[in-house]
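Here is a short briefing to read alongside the structure. Please keep the view open as you go through the points.

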Amino acid sequence: SRTDCVVAVGGGVVGDLAGFISSVYMRGIPFYNIPTTLLSQVDSSIGGKTAIDKLGIKNIIGAFYPPHKVIIDPTVLATLDKRQLHSGLAESIKMGLTCDKTLFNLIKDSTNLLEDIETIIIKSLQVKKDVVELDPNELGLRRVLNFGHTIGHGIESHSGVLLHGECVGIGMTYMCSDNVKKELLTVLNKYDLPTQY
């Protein structure tokens, strides 16, 4: 009934699906998000963009439907392998590169990612929160959060094996100046993220 709710426990796909279903079931029931991957913790768990893929087109059916609450526990990240962890970090790299130099430098200079991860999560969420509050329906400023995604989504659809964050990382390399690209490549290489496709 309308007094029930949906709780998503998982990564970005689980959160997107649960959020979308919550938005259309009985014209909207409460949705709570408990993200368990770094990518979903730093990016997709907030902001309200929910969607599903259809006919090979990514996120083509969806709604803006923010969760009622989000619970993030960084200790669950210990269950991820290094590749998944670094793939999620690509979204934080994106936010640092576009909106928060301190965040970018923290990631670039980190000597122990897991020790710095809580700060990285908080700073990434702050960037996203600030941008989304100014442009909730992606009519202007919020498009900055798509940096690397246009090309990245194409690579992701074509490759079938690269993770979302890996593709976003590659996508960012095509969309920045030579000076920025040099610094970006250093960080992508540090975290074993692919730099070309």
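**Briefing: a histidine, a sheet and two pockets**

His86 has its place in helix α3. The model you are looking at is predicted, and the notes below start from this histidine before turning to the sheet, the pockets and two backbone angles.

**His86 and its surroundings**

- Is His86 buried or exposed? With a relative accessible area of 9%, His86 is buried, because the cut-off for that class is under 20%.
- Leaving aside residues up to four places away in sequence, His86 touches Leu113, Tyr191, Asp192 and Leu193.
- One of these contacts, Asp192, comes back below for its backbone angle.

**The sheet and the helix across it**

- Three strands make up an open sheet, in the order β1-β2-β5 and with parallel pairing.
- β1 (6–10) and β5 (69–70) are the edge strands, each with a single partner, so one side of each has no neighbour in the sheet.
- As a reminder, strands of a sheet pair through backbone hydrogen bonds, in either a parallel or an antiparallel sense.
- Strand β2, residues 31–35, pairs with β5 in the parallel sense over 2 bridges.
- If you would like a spot to zoom in on, Tyr32 stands opposite Lys69 in β5.
- Helix α1 (residues 12–24) lies across β1 and β2, and α1 runs at about 170 degrees to β1.

**The largest pocket**

- The volume of the largest pocket is about 1000 Å³.
- Its lining is made of 41 residues, and those nearest the centre are Asp16, Lys58, Asn59, His153 and His164.
- Which elements each supply at least two residues of this lining? They are α1, α2 (38–44), β3 (49–54), β4 (57–64), α3 (82–99) and α6 (149–159).
- β4 gives the largest share of the lining, 7 residues.
- By residue class, the lining of the largest pocket holds 13 nonpolar, 17 polar and 11 charged residues.
- Two elements met earlier return here: α1, the helix across β1 and β2, and α3, the helix that holds His86, are among the contributors to the lining of the largest pocket.

**The second largest pocket**

- For the second largest pocket, the volume is about 200 Å³.
- This pocket is lined by 16 residues, with Ile46, Gly47, Gly48, Pro66 and Val132 closest to its centre.
- The elements that give two or more residues to the lining are β5 and α5 (113–134).
- α5 provides the largest share of the lining of the second largest pocket, 3 residues.
- The lining of the second largest pocket divides into 8 nonpolar, 4 polar and 4 charged residues.
- Note that β5, an edge strand of the sheet, is one of the elements lining the second largest pocket.

**Two positive phi angles**

- Some background first: most residues other than glycine have a negative phi.
- Glu138 is not a glycine, yet Glu138 has a positive phi of about 55 degrees.
- Where is Glu138 found? Glu138 sits in the loop between α5 and α6.
- Glu138 is buried, because its relative accessible area of 19% falls under the 20% cut-off.
- Asp192, also not a glycine, has a positive phi of about 55 degrees.
- Asp192 lies in the segment after α8 (178–190).
- Asp192 counts as exposed, because its relative accessibility of 51% is over the 50% cut-off.
- Asp192 is also among the residues that the buried His86 touches.

How values were computed:
Residues numbered from 1 in each chain as written. Predicted model: local features only at pLDDT ≥ 70, side-chain atom pairs only at ≥ 80, totals over all residues. Heavy atoms only, no water. Pairing = 2+ DSSP bridges. Helix = DSSP H or I, 4+ residues; strand = E, 2+ residues; numbered from the N terminus. Contact = heavy atoms within 4.5 Å. Axes fitted to C-alpha atoms, helices over the stretch in contact; angles between N-to-C directions. 1 Å grid on protein atoms, 1.4 Å probe; cavity = no way out; pocket = protein on both sides within 12 Å on 5 of 7 lines; lining within 4 Å. Points joined across faces, edges and corners; volume = space filled by probe spheres on them. Nonpolar A, V, L, I, M, F, W, Y, C, P; charged D, E, K, R; others polar. Buried < 20%, exposed > 50% of the residue type's maximum accessible area, 1.4 Å probe, protein only.
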